[in-house]
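Please read the following account alongside the sequence and the coordinates. It moves from the chain as a whole to its salt bridges, its cavities and a few chosen residues.

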Amino acid sequence: MGGLLFGYDIGISGGVTSMEEFLRRFFPDVLRQMRKQTGRETEYCKYDNELLTLFTSSLYLAALFASFLASTITRLFGRKVSMTIGSLTFLAGALLNGFAINLEMLIIGRLFLGVGVGFTNQSVPLYLSEMAPAKIRGALNNFFQLAITIGILAANLVNYATPKLKNGIGWRLSLGLAGVPAVMMLFGCLFLPDTPNSILVRGKKEKAKEMLQKIRGTMEVEHEFNDLCNASESAKRVKHPWTNIMQAGYRPQLTLCTFIPFFQQLTGINVIMFYAPVLFKTIGFGSDASLISAVITGLVNVLSTIVSIYSVDRFGRRVLFFEGGIQMMLTQVAVGSMIGWRFGLNGEGTLSKIDADIILALICIYVAGFAWSWGPLGWLVPSEICPLEIRSAGQSLNVSVNMFFTFFIGQFFLTMLCHMKFGLFFFFAVMVVIMTIFIYLLLPETKGVPIEEMEKVWKEHRYWGKYSHNDDDGDDGDDDAHVF
């Protein structure tokens, strides 16, 4: 449910911002621009409006700040409490958007949605990583990404159907339906147990052991439980996780929890996920064709994420990162070249049906590459590499960096498209090359490693080994404060 509500919100904004009734009510300047009544004839600049992009991106700015608060609540009160708060605030935001009568109400609703996303994205991947046995942790965590892709596909299908409704209520239904997964998640939270890790942190040792026995289906959990207890004792000695994560002993986790979400957003995927209908209309697709194309890319996204679930614990994280990176880079170069060929620098031109089909196919191949690599792994890897004493801080850092650059891309993509034109796709292709090199040099393979035994991965790494042996553990002076 956490993935569904996040994915639905990612997918819904692009379709809504291409609906004429929505634009007429809230963004009339954009509607005039679309109809070429402002003198800005270039196709690249058709939707360039800062208020319109603020509607999409304000959610992610709110999510950025909410993730810091969520880190503290997740650590002190457990993952379940954070998920409950997230579903409640997301529901409030969906209702405000669905009943919005002015731009202020619309933006406030988006901010509430952002708080919900900040809390759920901080707690759900942690919850999954802590509950899962090591051998299926990657696959189980990738179900979060699968749920995101299903949410995006559902949003695209809703956006295809709702413009056909009479009285101009289609956009209200599109935005209001975001409350459905929020209600389902809120109801589900009533029945969820908390993770053994977070129960231990709150000092309930016997209850934590009982929970571990229950979720593993066996009474023989002594080895794993001892690992959890050791990690919990170390975590208790760390009074300030945000200070501690800055220490040299946690340099690998700090680096990867910062740069993986940074690079994930600079793949350019949100160009497709946020603005697919807008993008397809910009490059010459008709209204119905642009929405259908968004549905097709959404379906590819879902199916390719299933491939990742199957392969992540078989082939490992690094293989998927490399293959997906090469695939995304090549298709972005191809898409940029075709758009440049047909529209040039002045943004004037048309696409033949064959051209449009080729571009759609290339974008689908690009989406597939992301969906079985940087999409799910961008959430999985940061959630599994941090020891318990900095885990909530590490995940909060992951979410906040992700949300900041999601906000940046969401806010400035249409302006970047207006000024960089088809070169924008080459920019993202270069970023994919850089991030693939980053993974090759700095990410060790974490497939099948128990989450509380990740230290040995860093000790064996040719670069990170010097940090994993560092005993500078933070502000409490205990030499074992980062024992896993």
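The paragraphs below describe the fold first and the local detail afterwards.

This is a predicted model, in which local features need pLDDT of at least 70 and side-chain atom pairs count only at pLDDT 80 or more, while totals for chains, interfaces and linings use all residues. Residues are numbered from 1 along each chain as its sequence is written, and side-chain values use heavy atoms, with hydrogens and water left out.

The chain has 23 helices and 0 strands; helices (H or I, at least four residues) and strands (E, at least two) are DSSP runs, numbered from the N terminus. Of its 484 residues, 62% count as buried. Here buried means under 20% relative accessible area, exposed means over 50%, and partly exposed lies in between, with a 1.4 Å probe and protein chains only. About 17900 Å² of the chain is exposed, and carbon and sulfur atoms supply 67% of that area; accessible areas come from the Shrake-Rupley method with a 1.4 Å probe, and for residues only the protein chains shown count as cover. Among contacts between residues at least 6 apart in sequence, 79% join residues at least 24 apart, where contact means heavy atoms within 4.5 Å.

Salt bridges come next. The structure holds 8 of them, each defined as a side-chain nitrogen of Lys or Arg within 4 Å of a carboxyl oxygen of Asp or Glu. One of these joins Glu130 to Arg79, with the closest N and O atoms 2.6 Å apart. This pair links distant parts of the chain, since Glu130 sits in helix α6 (residues 103-131) and Arg79 in helix α5 (residues 79-98), 51 residues apart. Glu130 counts as buried because its relative accessibility is 4%, and Arg79 is likewise buried at 4%.

A second bridge, between Glu224 and Arg216, has its closest N and O atoms 2.8 Å apart. Glu224 has 29% relative accessibility and so counts as partly exposed, whereas Arg216 is buried at 18%. In another, the side chains of Arg317 and Asp313 meet at 3.0 Å, N to O. Both Arg317 and Asp313 are buried. Salt bridges that share partners also join Glu20, Glu21 and Arg24 into one network.

Helix α5, which holds Arg79, can be checked for length. What span should its 20 residues have, and how far apart are its end C-alpha atoms? At 1.5 Å a residue, the expected span is 28 Å, and the end C-alpha atoms are 29 Å apart, which agrees. The expected span is 1.5 Å times one less than the number of residues. The buried residues of α5 include Arg79, Met83, Phe90 and Asn97.

The interior also leaves some empty space. The count comes to 4 cavities of 30 Å³ or more. On a 1 Å grid over the protein atoms alone, a cavity is a set of points where a 1.4 Å probe fits but cannot get out, and lining residues have an atom within 4 Å of a point. Grid points are joined across faces, edges and corners, and a volume is the space filled by probe spheres set on the points. The largest cavity has a volume of about 150 Å³. It is lined by 16 residues, of which Phe6, Ile10, Gln265, Asn270 and Phe370 are the closest to its centre. Helices α1 (2-16), α7 (137-161), α14 (251-265), α15 (269-282), α19 (374-385) and α20 (388-420) each supply at least two residues of this lining.

Some single residues fill in the picture. Phe413 lies in helix α20 and is buried at 1% relative accessibility. Phe413 and Asn270 are 143 residues apart in sequence and 9.0 Å apart in space, C-alpha to C-alpha. Phe412 is also found in helix α20, but is partly exposed, with a relative accessible area of 31%. The C-alpha atoms of Phe412 and Leu54 are separated by 9.1 Å, with their positions 358 residues apart along the chain.

Gly375, in helix α19, is buried, with a relative accessible area of 0%. Leaving aside neighbours within four places in sequence, Gly375 is in contact with Gln145, Gln264 and Phe370. Val457 lies in helix α22 (residues 455-460) and counts as buried at 8% relative accessibility. With neighbours within four places again left aside, the contacts of Val457 are Pro444, Glu445, Thr446 and Val449.

Methods
1 Å grid on protein atoms, 1.4 Å probe; cavity = no way out; pocket = protein on both sides within 12 Å on 5 of 7 lines; lining within 4 Å.
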